[in-house]
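Biologist: Hey, could you walk me through this model? I'm new to this, so plain words please.

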Amino acid sequence: MKIRSIETFRITLPFRFSFGHSLASRSESTNLLVKVTLSNGIVGYGEGIPRDYVTGESIDSAETNVLTTYAPLFLSANINSPSELISLLESGFDELGLHSKPFGASWCALELALMDAYCKEWRLTPADLLGGVRTEKIRYGGVVPFGGKKALGAILWFYKIYGFKTIKLKVGKDLETDLEKLKICRSIMGEDATIRVDANCAWTLDSALQACEAFKPYRVASYEQPLPADDWDGLQKLTASVEADIMVDESLCTIAQAQELAASKVCSAFNIRISKAGGLLPAARILAIAKNAGLRVQMGAQVGETGILTAAGRFFGCLNEPFDNYEGAANFFLLKQDLTVEDLTARPGGFGDLRFSRRKYGLGITVKDSRLLSFTEAGAAAGGDCREHVAAS
Ligand SMILES: [Mg+2]
């Protein structure tokens, strides 16, 4: 089965509220969507979220990569079995040197679209393609962005009543404010809750050591990206001297980085996000590196994922042994409108499973075409045809 076309869409999704951390604040997200149409008309969708402060990708560069660099590898191929698709995805990824180039978001969008389309054609799901379900349901944690005390209290009470058992606070503004937030968090969420923090590169080694000491009474389970992404020396020292997990996120964008981070004991945990890693296959390779090195793992998410990336994350979570924490599935909470018919928002208690994909093939989601067009940034700006198009030769 050949591919008729690969199209890209830039969609801008407004949030219900502004989401901020130490590197950025946003009230909307511009995501890259890829639509693959097979020669028999079957369509598959994929999504990636380029962030220049994570993978260095912009929406422009990600779209260009998909259309001019990646698409030609697939447009001429005739793919007739799952093993052919996986081997083409793996060989393409390696040929382009993506194991050491952080172009995750763009590759992810294409990988997911190809998997979605071909799985529909073969009447399979990613679970059939990637080795079967290992965890029946996963339990997401809630993430609290920067904000005032009033907003913090309101969000935490909502999370508590909704049943989340893990909370991650964005920290790194100043120690006093962070301590106050932690105190409020522990008092609202109770002694049994797991509290994690994410500094998004905000600290130096000294200020991180100071924060870790000051945060001790609140029993923080993990410190995510406490130092700048390239300060591996500092991260290594912090990992050696702090009992809680030191989790890398912005430092970990490629498979090569995963190998080096694990080998030199720079951290004790990985935050693996599908979009950042380059899709389900590279994310699985990074997970295997973590497991072999005895590192802890969190399944992370980008802020502003639609049902497409949430579905991919749900499969990733359920196809592997349990992670220490899961993030994402904030769809209804964060997005004014989602792109998919299916609502994959974490259910009360934070739970998510694969029921949404029952009796369906591919990623198990249905994209609302009318909404896709209304979200497409270029279309809105130009008032005309918003799609860039690559046709099979
Ligand atoms: Mg993070």
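Modeller: Here is a short tour of cavities, one helix and two single residues. The model is predicted, so local features need pLDDT of at least 70 and side-chain atom pairs count only at pLDDT 80 or more, while totals for chains, interfaces and linings use all residues. Residues are numbered from 1 along each chain as its sequence is written, and side-chain values use heavy atoms, with hydrogens and water left out.

Biologist: Cool. How many cavities of 30 Å³ or more does the structure hold?

Modeller: Three. On a 1 Å grid over the protein atoms alone, a cavity is a set of points where a 1.4 Å probe fits but cannot get out, and lining residues have an atom within 4 Å of a point.

Biologist: What volume does the largest cavity have?

Modeller: About 50 Å³, taken as the space filled by probe spheres set on the points, which are joined across faces, edges and corners. Its lining has 13 residues, and Met 299, Glu 305, Leu 309, Gly 313 and Glu 327 lie nearest the centre.

Biologist: Which element gives the most to that lining?

Modeller: Helix 12, with four residues. Helices (H or I, at least four residues) and strands (E, at least two) are DSSP runs, numbered from the N terminus.

Biologist: Switching topic: which residues of helix 8 are buried?

Modeller: Trp 232, Gly 234, Leu 235, Leu 238 and Thr 239. Buried means under 20% relative accessible area (1.4 Å probe, protein chains only).

Biologist: Why do they line one face of the helix?

Modeller: Seen down the axis of helix 8, the buried residues fall within an arc of 155°, so they share one face. The arc is that of the directions from the helix axis to the C-beta atoms.

Biologist: And what do the buried residues of helix 8 pack against?

Modeller: Helix 7 (205–215), strand 9 (245–248) and helix 9 (255–263). Contact here means heavy atoms within 4.5 Å.

Biologist: Now Asn 325: buried or exposed?

Modeller: Buried, with a relative accessible area of 3%. Asn 325 sits in strand 12, and its side chain makes a polar contact with the side chain of Gln 298 at 3.1 Å. A polar contact is a pair of N or O atoms within 3.5 Å; within protein, one must be able to donate a hydrogen and the other to accept it, and residues adjacent in sequence count only if both atoms are side-chain atoms.

Biologist: Last one, where is Thr 135?

Modeller: In the loop between helix 4 (126–129) and strand 4 (137–139). Its side chain reaches the backbone oxygen of Asn 320 at 2.7 Å.

Note on methods:
On a 1 Å grid over the protein atoms alone, a cavity is a set of points where a 1.4 Å probe fits but cannot get out, and a pocket is an open set with protein on both sides within 12 Å along at least five of seven lines; lining residues have an atom within 4 Å of a point. Buried means under 20% relative accessible area, exposed over 50%, partly exposed in between (1.4 Å probe, protein chains only).
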